[in-house]
Amino acid sequence: MSQRSIGSPRPAVSAAAQMSELIELLEVVWERGRDTASAPPVSSAQARVLFLVEANGRLNLRELGRLLEAAPPSVTRLCDRLQAVGFLERHPGADDRREVLLRLTPAGRTYLERLRARRQEVLAEAMAAMPEASRAALATGLADFCAAVEKALRLPSPEPFTTRTA
């Protein structure tokens, strides 16, 4: 493969292809983590709901649907299931009682902590095989990538990774 100039769009295409391959591998890791985090396991779509509600503090159903790009009945069903297992609470809005606000329960937070811990264990094992310089470059690149995705999705920036408990 030949070197391209830094200003060329080709490095972005190559990086996108590598990111796509990485995501496919991470999906396997994510499923393993999700299935071992606790009982009852949640689906990938339900886990996305939990992550989005956590990232936004409190979220209404309409905004959740926008973030998931899902129809209201689908969002409602996802939330029904998460509420049934005790991971999500619904509350009426303070200003408009027709608005439904979503919040994680302590059990939902615990589930996400365990899920992250399991996933991080698997990733740490894989990264331990990488040279130190590669790990440092990856950490910098991933931080920039996450910031770009958060900005595109209009999500609030999460706490720095160093302050997370899991």
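Is Cys146 buried, partly exposed or exposed? Let's work up to that with a few exercises.

Before you start: this is a predicted model, where local features need pLDDT of at least 70, side-chain atom pairs count only at pLDDT 80 or more, and totals for chains, interfaces and linings use all residues. Residues are numbered from 1 along each chain as its sequence is written, and side-chain values use heavy atoms, with hydrogens and water left out.

**Exercise 1. Sort out the two cysteines Cys79 and Cys146, then look for disulfides.**

Step 1. Get the cut-offs straight: buried is under 20% relative accessible area, exposed is over 50%, and partly exposed is in between (1.4 Å probe, protein chains only).

Step 2. Apply them. Cys146 has a relative accessible area of 29%, so it is partly exposed. Cys79 sits at 0%, so it counts as buried.

Step 3. Recall that a disulfide is a covalent bond between the sulfur atoms of two cysteines. The test here is a pair of cysteine sulfur atoms within 2.5 Å. Searching the whole structure turns up zero disulfides.

**Exercise 2. Describe the overall layout of the protein chain.**

Step 1. Know what you're counting: helices (H or I, at least four residues) and strands (E, at least two) are DSSP runs, numbered from the N terminus.

Step 2. Count and order them. The protein chain has six helices and three strands, and along the sequence they come as α-α-β-α-α-β-β-α-α.

Step 3. Check burial: 24% of the 166 residues in the protein chain count as buried.

Step 4. Look at contacts, meaning heavy atoms within 4.5 Å. Take those between residues at least 6 apart in sequence: 54% of them join residues at least 24 apart.

**Exercise 3. Work out how α3 packs with α4, and α2 with α5.**

Step 1. Set up the geometry. Axes are lines fitted to C-alpha atoms, for helices over the stretch in contact, and angles run from 0 to 180 degrees between N-to-C directions. Angles under 35 degrees are roughly parallel, over 145 roughly antiparallel, 65 to 115 roughly perpendicular, and the rest oblique.

Step 2. Start with α3 (residues 61-68) and α4 (residues 72-84): their axes come within 9 Å and cross at roughly 110 degrees. That's why α3 and α4 count as roughly perpendicular. On the α3 side, the contact uses Leu61, Leu64, Gly65 and Leu68, while α4 brings Val75, Leu78 and Cys79.

Step 3. Sort the residues by class: Ala, Val, Leu, Ile, Met, Phe, Trp, Tyr, Cys and Pro are nonpolar, Asp, Glu, Lys and Arg are charged, and the others, Gly among them, are polar. The α3 and α4 contact comes out as six nonpolar, one polar and no charged residues.

Step 4. Now try α2 (residues 44-56) and α5 (residues 106-128). Their axes come within 11 Å and also cross at roughly 110 degrees, so α2 and α5 are roughly perpendicular. Here Leu50, Phe51 and Glu54 of α2 meet Arg109, Tyr111, Leu112, Leu115, Arg116 and Arg119 of α5. That contact divides into five nonpolar, no polar and four charged residues.

**Exercise 4. Compare where three salt bridges sit.**

Step 1. Remember the idea: side chains of opposite charge can pair when their charged atoms come close. The rule is a side-chain nitrogen of Lys or Arg within 4 Å of a carboxyl oxygen of Asp or Glu. By that rule, the structure holds six salt bridges.

Step 2. Take Glu63 and Arg66, whose side chains meet at 2.6 Å, N to O. Both are in helix α3, three residues apart, about one turn of the helix.

Step 3. Next, Glu132 and Arg135 meet at 2.5 Å, N to O. They're also three residues apart, in helix α6 (residues 132-153), and about one helical turn separates them. Glu132 is exposed at 52%, while Arg135 is partly exposed at 24%.

Step 4. Finish with Asp80 and Arg90, which meet at 2.6 Å, N to O. Asp80 lies in helix α4 and Arg90 in strand β2 (residues 88-92), so this pair ties together parts 10 residues apart in sequence.

**Exercise 5. Say what stands out about the phi of Glu69.**

Step 1. Most residues other than glycine have a negative phi.

Step 2. Glu69 has a phi near 55 degrees, a positive value in a residue other than glycine.

Step 3. Place Glu69: it's in the loop between α3 and α4, and it is exposed, with a relative accessible area of 74%.
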